[in-house]
Amino acid sequence: MKRSGRLLAVATTVAALATTLAACGGGSGSSSADGKVHIKVEAWKGGGAEPANVAEINKAFEKAHPDIKVDFEYITANDTYTQKLQPELLGGKAGDVIMVDTDKMNKWGASGYLADLSKESWASKISDAAKPFATSDGKVLAMPMELIGIGLYANMDLLKKAGITEVPSDWPTFLADLAKVKKAGITPIALPDKSGWTGSSTFQAVGSTLVYQKNKQWDADFLAGKTSFGTDWKTSLDQLKTLGDKGYVNWKNELGVDEWSQGPQDFTAQKSAFWYQGAWQVSNVAKAGFPVQFTPWPAGAAGTKPNAMLFSGTMWGVNSQSQHADAAKAYVDFWSQSENLAKYLDAEHAESPFTGGTTPDATETKTFNAAFNEGRYRVLPSNSWYGATAETAVGSKIQAFLLGQASEAQTLKDIQTAASAK
């Protein structure tokens, strides 16, 4: 991506400021009266509704490194985390280790806030699928913690009441199952989409099978101007529209339901047979006490197998201003080790981002994991055209389409524009 001279100048100034702060001894780590080096770790997982075994891993790290004390701070997700970290980074007061995703890594890395971790022992073990999301300008700026699935949840008890014993793996079977569930008096599927995430993500999930099974290099072709959404993604919108046309989804209602709070509550209360969300919800759903399956979205023709869709999720970055860089890097290295990271992956029901890494295989995720292990998957390109800004814009355009406010052709054109924005 080509920058303007003004943007480059601004980025250079910010990077210089970060370097100056580092030279002045920025960062929040400290040594205390207990004789230990204290490192501050900030994250949006590890507390609240998503403990994710972080406390257990921190305790194991402190046992393995008795001279280091982890001062862990959990911060709620969404904008709260960024709003807190941004001024802390600018003022040299952020944690020694901070949780990032690809979008944050790119922004904070460009500003000089993240240390180059390319020479760490684990860096060469990052899988080819995960490495692009942890790398910026040829440097590894973060340790990927997971490749996490986004897909279809199925309440097997409710499906059984409708005479269904297996989760569908293709589109015709899926439609037939939805019809059976509806006939049995059960709400077929919940696709809450208040923020636009579910519609946009489901659109991507359909394409993960129908587009990427034909062309694994679609992202590169799109960026090179060799293909477009109008050419390859029409069926993704068709499937969303079909669900509404057949009465399996009331889009007007679903666009008023929050996908992050009310959506999970409704599914665990068994209000629908199917639901669409990320694998990070599997543990919470399992606590509801009914059998659940998490699978790829069944988008293909009869008899075909779907591609799983994954997201490059959380990562650890080391603050370039840290006073205790060695201790911070030791913490990140500890997380990279399979026996330690597996505890996090188990809680998240995610895939390992490392070559030869251990991926826990839970009953609920066997079908999804099988697709990953067989190479039937695609990772959302959040490091290129599908960054946070594009995702939000695409979600909004799809909402308008589902409400009948825009034609299919116009929606695909608008998505093309949003994805092409620099």
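**View 1. The neighbours of Trp335 in this predicted model**. Leaving aside residues up to four places away in sequence, Trp335 touches Val54, Ile57, Asn58, Met143, Met145, Trp316, Leu341 and Tyr344, where contact means heavy atoms within 4.5 Å. Trp335 also appears, with Ile189, Phe229, Trp297 and Trp316, among the residues touching the most other members of the largest nonpolar core, which has 122 residues. Such a core is a set of buried Ala, Val, Leu, Ile, Met, Phe, Trp, Tyr and Cys residues joined through side-chain atoms within 4.5 Å, with buried meaning under 20% relative accessible area (1.4 Å probe, protein chains only).

**View 2. Helices H7 and H11**. Here the axes of H7 (residues 171–183) and H11 (residues 234–245) come within 12 Å and cross at roughly 15 degrees; the two helices are therefore roughly parallel (under 35 degrees). Helices are DSSP runs of H or I with at least four residues, and axes are lines fitted to C-alpha atoms over the stretch in contact. Trp171, Leu175 and Leu178 of H7 meet Gln239, Thr242 and Leu243 of H11.

**View 3. Helices H11 and H19**. The axes of H11 and H19 (residues 408–420) come within 10 Å and cross at roughly 125 degrees, which makes H11 oblique to H19 (neither under 35, over 145 nor 65 to 115 degrees). Lys234, Leu237 and Asp238 in H11 meet Glu408, Thr411 and Leu412 in H19.

**Notes.** Residues are numbered from 1 along each chain as its sequence is written. In this predicted model, local features need pLDDT of at least 70 and side-chain atom pairs pLDDT 80 or more, while totals for chains, interfaces and linings use all residues, and side-chain values use heavy atoms, without hydrogens and water.

Terms used
Axes fitted to C-alpha atoms, helices over the stretch in contact; angles between N-to-C directions. Buried < 20%, exposed > 50% of the residue type's maximum accessible area, 1.4 Å probe, protein only.
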